Amino acid sequence: SAVDRYAVLGNPIAHSKSPAIHSAFAAQTGQRLSYERIEVPLDAFAARVGELIAAGYLGFNVTVPFKEQAFALAQRRTPRAQAAGAVNTLMPTSDGLLGDNTDGAGLVADLQRLGVQLAGARVLLLGAGGASRGVILPLREAGVARIAICNRTADKAQALAIEFGIAVQAAESTDTPYDVVINATSAGLAGALPPLPTGAVAVHTLAYDMLYGAQPTAFMQHCSGLGARVADGLGMLVGQAAESFALWRGVRPDAEPVLAQLRAAMKD
Ligand code: NDP
């Protein structure tokens with residue numbers, strides 16, 4: 001019979017690394033499947049998903065700008081998708097279209113890979129958009145002691161803090177450094193620094209940027225200068241893919257060698 005088909009849906013989608021990641025997972029686990037990039041017109045998400053399911057596709061990753069539309073389209077949602085208010089993974093099932101969100105689990109897995117002790121940790125989230133919202137529940141389930149949120153637009157940090165029962169961190173300064181500071185803003189796309197309270201980053205802090213690229217981000221460079229250990233978000237990307245793969249295939253791939261492979265390819 002025909003090979004099992006999966007795809008990542010977005011717009012734009014040309015630069016997505018997801019096909020390379022899922023192909024590597026398939027090779028590693030001995031699964032036979034195909035995984036494509038599909039650019040979906042901005043006004044046609046629901047219709048296109050319907051057509052692809054009718055054509056036999058078994059699952060989708062969903063990226064910018066469709067994660068909220070995927071959430072609305074899903075007929076059932078996992079608790080972590082419900083908390084995130086966004087869906088990055090879809091799977092047609094006999095009980096309807098299932099929506100999951102694996103971004104937060106991907107972050108948690110990457111922090112664990114980096115050796116961070118999350119149980120009891122103090123975590124600062126920079127940014128109050130979808131990426132920040134999506135990681136709060138998975139971080140809490142990993143046992144962190146405190147989550148605080150800091151954002152350029154303070155009202156948005158306040159709203160998330162109330163919704164999730166977490167703390168607001170003022171952008172100016174703090175007396176107690178955090179164990180992990182996560183940049184979940186898009187400031188780095190423009191080469192800018194996110195709001196970072198003085199004193200938040202110490203030498204024991206892991207400064208984690210959800211952005212990734214061939215070069216360290218402005219946030220990573222700044223935090224390195226403060227003596228902190230730094231990491232970019234490529235491992236989170238591979239981690240979320242591994243979680244999606246596990247949902248679809250019932251087999252959990254090892255992210256580490258695939259991350260190393262991607263990292264090497266980015267240097268070329
Ligand atoms: P949103 O657009 O929902 O949120 C953007 C956030 O960034 C807001 O809090 C916004 O603040 C802040 N921001 C934007 N520009 C600046 C600036 N110049 N200075 C300070 N703050 C700024 O984006 P998402 O939450 O969806 O995504 C955030 C980033 O995370 C993206 O760049 C994305 O690529 C990355 N990401 C990475 C993933 C991975 O797997 N590695 C997974 C998901 C996301 P304000 O409220 O004041 O506007």
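**Close-up 1. Strand 1 and strand 2 pair in parallel in the predicted model.** In this predicted model, strand 1, which spans residues 4-10, runs parallel to strand 2 and is joined to it by 7 bridges. Within this pairing, G10 of strand 1 stands opposite E39 in strand 2. The two strands belong to an open sheet of 6 strands, whose order is 2-1-3-5-6-4 and whose pairing is mixed. Strand 2 (33-39) and strand 4 (76-77) form the edges of this sheet, each of them pairing on one side only. As a general point, the strands of a sheet pair through backbone hydrogen bonds, and they do so either parallel or antiparallel.

**Close-up 2. Two cis peptide bonds precede prolines in loops.** The peptide bond that leads from N11 to P12 is cis, with an omega near 5°, and P12 itself is placed in the loop between strand 1 and helix 1 (18-29). A cis peptide bond also leads from V64 to P65, here with omega near 0°. P65 has its place in the loop that lies between strand 3 (59-62) and helix 3 (67-73).

**Close-up 3. Strand 11 pairs with strand 12 in a parallel sheet.** Strand 11, made up of residues 206-209, runs parallel to strand 12, and 3 bridges join the two. Y208 is found opposite A231 in strand 12. The open sheet to which these strands belong has 6 strands in the order 9-8-7-10-11-12, and its pairing is parallel. Its edges are strand 9 (167-168) and strand 12 (229-231), each of which pairs on one side only.

**Close-up 4. Polar atoms of the protein approach oxygen and nitrogen atoms of the ligand.** A polar atom in the side chain of N151 lies 2.7 Å from an oxygen atom of the ligand, while a polar backbone atom of S186 is 3.1 Å from an oxygen atom of the ligand. For G233, a backbone N or O atom is placed 3.1 Å from a nitrogen atom of the ligand. On its own the ligand has 930 Å² of accessible area, of which the protein covers 73%.

**Close-up 5. The ligand takes up the space of the largest pocket.** The largest pocket of the model is the space that the ligand takes. Helix 6 (130-141) and helix 9 (234-249) are the elements that give two or more residues to the shell around the ligand. Altogether 21 residues surround the ligand, and the closest of them are A131, N151, T153, K156 and M210. By residue class, the shell divides into 11 nonpolar, 8 polar and 2 charged residues. N151, one of the closest residues, is also the residue whose polar side-chain atom lies 2.7 Å from a ligand oxygen atom.

Conventions: Residues are numbered from 1 along each chain as its sequence is written. This is a predicted model: local features need pLDDT of at least 70, side-chain atom pairs count only at pLDDT 80 or more; totals for chains, interfaces and linings use all residues. Side-chain values use heavy atoms; hydrogens and water are left out. A residue is near a molecule or strand if one of its heavy atoms lies within 4 Å of it. A polar contact is a pair of N or O atoms within 3.5 Å; within protein, one must be able to donate a hydrogen and the other to accept it, and residues adjacent in sequence count only if both atoms are side-chain atoms. Accessible areas come from the Shrake-Rupley method with a 1.4 Å probe; for residues, only the protein chains shown count as cover. On a 1 Å grid over the protein atoms alone, a cavity is a set of points where a 1.4 Å probe fits but cannot get out, and a pocket is an open set with protein on both sides within 12 Å along at least five of seven lines; lining residues have an atom within 4 Å of a point. A molecule sits in a cavity or pocket if more than half of its atoms lie within 2 Å of its grid points. Helices (H or I, at least four residues) and strands (E, at least two) are DSSP runs, numbered from the N terminus. Ala, Val, Leu, Ile, Met, Phe, Trp, Tyr, Cys and Pro count as nonpolar, Asp, Glu, Lys and Arg as charged, and the others, Gly among them, as polar. Two strands pair if DSSP finds at least two bridges between them.
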